[in-house]
Amino acid sequence: MSNRVVCREASHAGSWYTASGPQLNAQLEGWLSQVQSTKRPARAIIAPRRIFILGPSHHVPLSRCALSSVDIYRTPLYDLRIDQKIYGELWKTGMFERMSLQTDEDEHSIEMHLPYTAKAMESHKDEFTIIPVLVGALSESKEQEFGKLFSKYLAEPSNLFVVSSDFCHWGQRFRYSYYDESQGEIYRSIEHLDKMGMSIIEQLDPVSFSNYLKKYHNTICGRHPIGVLLNAITELQKNGMNMSFSFLNYAQSSQCRNWQDSSVSYAAGALTVH
């Protein structure tokens with residue numbers, strides 16, 4: 001058997017973000033320095049040993065979740081190692097597919113979080129691994145199953161979960177043009193729709209989130225990874241774990257004012273264990 005290390009290249013570097021390590025590092029330092037922290041200076045911190053990154057599949061139809069077939073994810077900063085022990089545990093469940101290298105490199109949802117992950121963890125770069133998971137168009141029952149599976153990993157304090165998602169994709173090119181005139185301008189309607197969904201996510205209720213999606217069909221690309229996370233949280237709450245989720249920021253790529261406009265919404269939030 002070959003022991004050759006297989007790498008996934010940073011395939012979107014140079015187009016979606018800079019391929020220059022020094023330039024990317026400077027950009028990330030600039031953005032991160034602008035973050036308003038609500039916490040006081042820490043006396044001690046716990047750094048994660050394993051980082052699960054759940055991203056939606058944009059190009060390949062998947063009814064389940066898929067694991068990568070590589071060992072290393074490259075970034076312009078440094079290489080990130082996949083945790084083959086955890087991958088082995090997940091694969092043994094029979095619930096996962098393997099994605100090809102082509103599928104892996106075509107997909108952007110996981111890759112877009114890798115530079116931030118690498119930068120945030122640079123002082124521990126030889127001490128952590130990643131567990132990338134491509135999440136398909138799961139049924140509600142499948143979201144429950146995967147939520148239950150991932151709940152034991154979410155319960156472990158040395159693990160961190162990152163869920164990749166944009167919010168509303170609005171406009172003719174996205175085939176989505178929901179508009180509530182009572183909110184005023186189109187972009188206000190989009191914000192109201194997004195914040196309705198964000199409020200439901202903060203309630204940590206997967207059923208309400210699923211009902212919201214059925215009613216409004218909001219084009220949240222990471223709705224299934226979010227559904228998996230909410231179901232994992234529900235599982236842990238049954239066992240007495242106390243958690244809360246709050247959104248930290250919201251933005252739109254542009255302000256839509258007429259039917260020819262288009263925009264993508266972005267939201268960032270954090271789950272806290274009490």
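Modeller: Let's settle one term before anything else: a salt bridge here is a side-chain nitrogen of Lys or Arg within 4 Å of a carboxyl oxygen of Asp or Glu. This is a predicted model, and the structure holds 13 such salt bridges.

Colleague: Fine. What makes Arg8 and Asp104 a salt bridge?

Modeller: Their side chains come to 3.1 Å, N to O. The cut-off is 4 Å, so the pair qualifies. Arg8 sits in strand β1 (residues 7-8) and Asp104 in helix α3 (residues 101-106), so this pair ties together parts that are 96 residues apart in sequence.

Colleague: And why is Arg8 called buried?

Modeller: Buried means under 20% relative accessible area. Arg8 has 1%, so it counts as buried. Asp104 gets the label too, because its relative accessibility is 3%.

Colleague: Which residue does Glu111 pair with, and what makes that a salt bridge?

Modeller: Glu111 pairs with Arg8, and their closest N and O atoms are 3.0 Å apart. That is within 4 Å, so the name fits. Glu111 lies in the loop between α3 and α4 (114-120) while Arg8 is in strand β1, so the two tie together parts that are 103 residues apart in sequence. Both Glu111 and Arg8 are buried.

Colleague: Which residues make up the network of salt bridges?

Modeller: Arg8, Asp104 and Glu111. Arg8 has a bridge to Asp104 and another to Glu111. As a general point, side chains of opposite charge can pair when their charged atoms come close.

Colleague: How about Arg74 and Asp79: what makes them a salt bridge?

Modeller: The closest N and O atoms of Arg74 and Asp79 are 3.5 Å apart, so they pass the 4 Å cut-off.

Colleague: Are Arg74 and Asp79 buried or partly exposed, and why?

Modeller: Partly exposed runs between 20% and 50%. Arg74 has a relative accessible area of 30%, so it is partly exposed. Asp79, with 36%, is partly exposed because that value falls between the cut-offs as well.

Colleague: Let's try an uncharged side of the story. Why does Asn159 count as buried?

Modeller: Asn159 is at 10% relative accessibility, so it is under the 20% limit and counts as buried. Its place is in strand β8 (residues 159-163). Beyond its neighbours within four places in sequence, Asn159 is in contact with Pro48, Arg50, Phe52 and Tyr153.

Colleague: And what makes Ser141 partly exposed?

Modeller: Its relative accessibility is 41%, so Ser141 falls between 20% and 50%. Ser141 lies in helix α5 (residues 140-154). The C-alpha atoms of Ser141 and Asn231 are separated by 9.9 Å, though the two are 90 residues apart along the chain.

Colleague: Zooming out, how does the radius of gyration of the chain agree with a compact globule?

Modeller: For 274 residues, a compact globule would be near 19 Å; the chain has 19 Å, so the two agree. The C-alpha atoms fill a box of roughly 60 × 45 × 45 Å along the principal axes, and the chain has eight helices and eleven strands.

Colleague: How much of the chain counts as buried?

Modeller: 46% of the 274 residues. The chain exposes about 14,700 Å², with carbon and sulfur atoms supplying 50% of that.

Colleague: And how are the charges placed?

Modeller: There are 27 positive and 29 negative side chains, and the centres of the two sets lie 5 Å apart.

Note on methods
Residues numbered from 1 in each chain as written. Predicted model: local features only at pLDDT ≥ 70, side-chain atom pairs only at ≥ 80, totals over all residues. Heavy atoms only, no water. Helix = DSSP H or I, 4+ residues; strand = E, 2+ residues; numbered from the N terminus. Rg over C-alpha atoms; globule rule 2.2 N^0.38 Å. Buried < 20%, exposed > 50% of the residue type's maximum accessible area, 1.4 Å probe, protein only. Areas by Shrake-Rupley, 256 points an atom, 1.4 Å probe, with all protein chains shown as cover. Lys, Arg positive; Asp, Glu negative; His and termini not counted. Charge placed at Lys NZ, Arg CZ, Asp CG, Glu CD. Contact = heavy atoms within 4.5 Å.
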